[in-house]
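Okay, everyone, thanks for squeezing me in. I'd like to talk about salt bridges today, and then a bit about the sheet. Let me put the structure up.

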Amino acid sequence: MENDNFVGIKIKELRVAKSMSAKDLALNAKISVGMLSQLENGSTQGSVETLRKIAKVLDTTLAELFTDESQTPIKCLDDDSLYVVKKEDRKKISFPDSLYNCELLVPDLQGDIEFVLVKLEPNRTTDEIIPHTKGGEECNYVLKGEIVVTLNDKEFFLKKGDCIRFNPEIPHKIENRSLKKASYISAITPVSF
């Protein structure tokens, strides 16, 4: 996108469309009014978790915050980057949690599926259990190590080769409680980032 502050502008447009004050949005998203102001005016880009909280309050998804409906890309069969993601060209999705890293395995988040490689460092545990998106499905396939997927109060212990499918509206968390690195492929519909 040409405008570096696209996300901030989109947040403000959605907030205004809902007749919501900056103070109300900040309070409900559990962020400071100053942080929201910096996001909306482009002084900061904010973390994925901050944007996810804002999207939830605005009753939208992270993907929608990054979608510009005014730009319809011209599909060109000669442009491989519209179809193929080379290992060295994967887009990294940053989180404040340094023990949790994601790489986008599809060219962008404009489609109907979110497909990411998730890497969890040893002892990556969290108290937070949240829903990620409205409707759809989430499917996680363990490539390496072991993960624990908690859906509400039920825990599922998965190791290399195991897979789980669930509704991402169910409050959940994914942890690596072991002393070794873990990784898994996550496919989510609709996109949640």
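So, Arg90 and Glu103: these two make a salt bridge, and their closest N and O atoms sit 2.8 Å apart. Keep in mind that this is a predicted model. Where are the two partners? Arg90 is in the loop between α5 (62–65) and β1 (91–93), while Glu103 belongs to strand β2 (residues 100–104), so the contact ties together parts that are 13 residues apart in sequence.

How accessible are they? Arg90 comes out as partly exposed, at a relative accessible area of 22%. The cut-off for buried is under 20%. Glu103, at 10%, is buried.

Now, Glu103 has another salt bridge, to Lys92, and there the closest N and O atoms are 3.5 Å apart. For that pair, Glu103 is in strand β2 and Lys92 in strand β1, so parts 11 residues apart in sequence get tied together. And is Lys92 buried or exposed? Lys92 is exposed, with a relative accessible area of 60%.

Put the shared partners together and you get one network of salt bridges, made up of Arg90, Lys92, Glu103 and Lys119.

Let's step over to the helices for a moment. Arg15 forms a salt bridge with Glu40, and the closest N and O atoms in that pair are 2.8 Å apart. Arg15 is part of helix α1 (residues 6–17) and Glu40 part of helix α3 (residues 33–41), so here the parts tied together are 25 residues apart in sequence. Where does that leave the two side chains, buried or exposed? Both Arg15 and Glu40 are buried. And how many salt bridges does the model have by this rule? The count is eight.

Right, on to the sheet. It's an open one, built from six strands in the order β1-β2-β3-β9-β4-β7, with antiparallel pairing. At the edges you find β1 and β7 (163–166), each having a single partner strand, so each of them has one side without a neighbour in the sheet. From one strand to the next, the twist averages 25°.

Let me zoom in on β2 again. Strand β3 (residues 114–120) runs antiparallel to β2, and five bridges join the two. If you want a spot to click on, try Leu104, which stands opposite Val116 in β3.

So if you take one residue home, take Glu103: it has salt bridges to Arg90 and to Lys92. That's my bit, so who wants to start?

Methods: Residues are numbered from 1 along each chain as its sequence is written. This is a predicted model: local features need pLDDT of at least 70, side-chain atom pairs count only at pLDDT 80 or more; totals for chains, interfaces and linings use all residues. Side-chain values use heavy atoms; hydrogens and water are left out. A salt bridge is a side-chain nitrogen of Lys or Arg within 4 Å of a carboxyl oxygen of Asp or Glu. Helices (H or I, at least four residues) and strands (E, at least two) are DSSP runs, numbered from the N terminus. Buried means under 20% relative accessible area, exposed over 50%, partly exposed in between (1.4 Å probe, protein chains only). Two strands pair if DSSP finds at least two bridges between them. Axes are lines fitted to C-alpha atoms, for helices over the stretch in contact, and angles run from 0 to 180 degrees between N-to-C directions.
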